[in-house]
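Please open the structure in a viewer and keep a selection panel at hand. The tour below moves from one selection to the next and states what is to be found at each stop.

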Amino acid sequence: MDSYTQSSLVAHAECPQKYHWSYEYNGNGITPILPAHYLVSGDVGHRGVAMLYRSLSMNAVSNMVAKVFGEALAKGRHVSPDTIQQFRTQQEVIRAALYGYQRRYIKEIKGRTVVKIIGNEVPYKWQLETKRGTYEMTGVIDVHAENRRKRRAYIFETKFLSQISRTFQEDVEFSPQTDHYLIGAFESFMRSGWELRVIVNYIRKSGLRLKRGEGYRQFLERIREDYLQRPEHYFHRRIVRKTPGSILEAKRRMIAQISMLQYQKRTNYWYKNGRACNAKGRCWFFDLCNYGDRPGVMANFRNKTSRHEEIPETEG
Ligand code: SF4
């Protein structure tokens, strides 16, 4: 049975060729040996937020950030000084962002609000039945919370972004990733008569650069201060109310996308969306798309061991 995650559907929506490289090529797809620094940022950001909700200390979070960035960088071959600087700068920015997050949402993290945190990094798995077949959908919800008095369930999505435009906020609501989370939450832990709300936390971390002559320690202190003094500049929260009707609509969109994806798979028709090549930086498959899968280009990639490496084996 084919399985899909939020990330795989987002990759397909961005560019079918990107989906093919990431999830189909050579069996399970391929991945860059040195991941893009913004991907590492998103990954450690999510892990850091989960650790904060599990009441782990800021020190432990900070050490985890340094460890993951260090390990990612160590995987690269011929890493340029520019890349090293990008990684180290991002590492400090994420540390500062998590420090600010803890201060901004301290009540929630310490359990002093009416919203009770039930769990974080909650894995889910459900089956989507369509006319053409059944598909397995898997994922991990950042945070699951409840307000029993009001019979409401909440799921939190955390986005680490370089910019937050109004259009982006609306795009996020309709992205296949949000649909996936939403239906996953409904299928996994909704109770009858309850209402579901999606809390989207946007954490902005752009425009933060090392100043000339500034060391990483000074940089971290400066941006931490900024996160504390101007939290409204960095933290945005949007609460989206979802009804059973919205879930049905989201399922229809998801079935349409998977039907298209299945058709492309049968016909091996993975068209390229040129507009996505430079979106959010530059696509890591750019050389592969432009020069083909020759050995020199392939040396920068490795075969994935499982199709959805982002989902732990035991849960996937
Ligand atoms: S480089 Fe462009 S066309 Fe190729 S996979 Fe990436 S987004 Fe798609």
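Begin by selecting strand 5 together with strand 6 (residues 195–204): the two run parallel and are joined by 10 bridges. The model is a predicted one. Within this pair, display Arg152, which stands opposite Glu195 in strand 6.

**Strand 5 and its other partner**

Keep strand 5 (residues 152–161) selected and colour its residues by burial. Seven of its 10 residues are buried, so the strand is largely enclosed by the rest of the structure. Next, add strand 4 (residues 133–147), which pairs with strand 5 in the antiparallel sense over five bridges. To see one of the paired positions, select Val143, whose bridge partner in strand 5 is Phe156. The hairpin formed by strand 4 and strand 5 has four residues between the strands. Stop at Arg151 in this hairpin, where phi is positive, near 50 degrees.

**From strand 4 to strand 3**

Which strand pairs with strand 4 over 13 bridges? Select strand 3, which pairs with strand 4 in the antiparallel sense over that number of bridges. A hairpin of two residues links strand 3 to strand 4. For a paired position here, display Val122 and its bridge partner in strand 4, Ile141. As a reminder when inspecting such strands, side chains in a regular strand alternate between the two faces of the sheet.

Now select Glu121, which lies in strand 3 (residues 116–130). Its phi is positive, about 50 degrees, although Glu121 is not a glycine. Glu121 has 18 C-beta neighbours inside 10 Å and therefore counts as partly exposed.

**A second positive phi, in a loop**

Move to Ser55, in the loop between helix 3 (37–53) and helix 4 (58–75). Ser55 is likewise a residue other than glycine with a positive phi, here near 65 degrees. Is Ser55 buried or exposed? With 9 other C-beta atoms within 10 Å, Ser55 is exposed.

**Helix 8 and helix 1**

Select helix 8 (residues 176–189) and place a distance between its end C-alpha atoms. At 1.5 Å a residue, its 14 residues should span 20 Å, and the end C-alpha atoms are 20 Å apart, which agrees. Helix 8 is mostly covered, with 10 of its 14 residues buried. Among the buried residues to display are Pro176, Asp179, His180, Tyr181 and Phe186.

Next, select helix 1 (residues 6–14), where the buried residues are Gln6, Ser8, Leu9, Ala11 and His12. To see what covers them, add strand 1 (3–4), helix 2, strand 4, helix 8 and helix 11 (244–267), which are included in that cover. Strand 4 and helix 8 from the earlier stops thus reappear in the surroundings of helix 1.

**The ligand**

Select the ligand and the residues around it. The shell consists of 13 residues, the closest being Cys15, Lys272, Cys277, Cys283 and Cys289. The elements that give two or more residues to this shell are helix 2 (16–24) and helix 12 (286–291). Helix 2 supplies the largest share, three residues. Colouring the shell by residue class shows eight nonpolar, three polar and two charged residues.

**Tyr216**

Select Tyr216, found in helix 9 (residues 216–229). Having 14 C-beta neighbours inside 10 Å, Tyr216 counts as partly exposed. Apart from neighbours within four places in sequence, Tyr216 is in contact with Arg88 and Glu92. Then add Arg237: 21 residues separate it from Tyr216 in sequence, and the two are 29 Å apart in space, C-alpha to C-alpha.

**The whole chain**

Finally, clear the selection and view the protein chain entire. Its secondary structure comes to 13 helices and eight strands. The radius of gyration is 20 Å, close to the 20 Å that the globule rule gives for 316 residues, so the chain is as compact as a globular protein of that length. Along the principal axes, the C-alpha atoms fill a box of roughly 60 × 55 × 35 Å. Of the 316 residues, 28% are buried. Among contacts between residues at least 6 apart in sequence, 76% join residues at least 24 apart.

Terms used. Residues numbered from 1 in each chain as written. Predicted model: local features only at pLDDT ≥ 70, side-chain atom pairs only at ≥ 80, totals over all residues. Rg over C-alpha atoms; globule rule 2.2 N^0.38 Å. Buried ≥ 20, exposed ≤ 12 C-beta atoms within 10 Å, placed from the backbone. Contact = placed C-beta atoms within 7 Å. Near = placed C-beta within 6 Å. Nonpolar A, V, L, I, M, F, W, Y, C, P; charged D, E, K, R; others polar. Pairing = 2+ DSSP bridges. Expected span 1.5 Å × (residues − 1).
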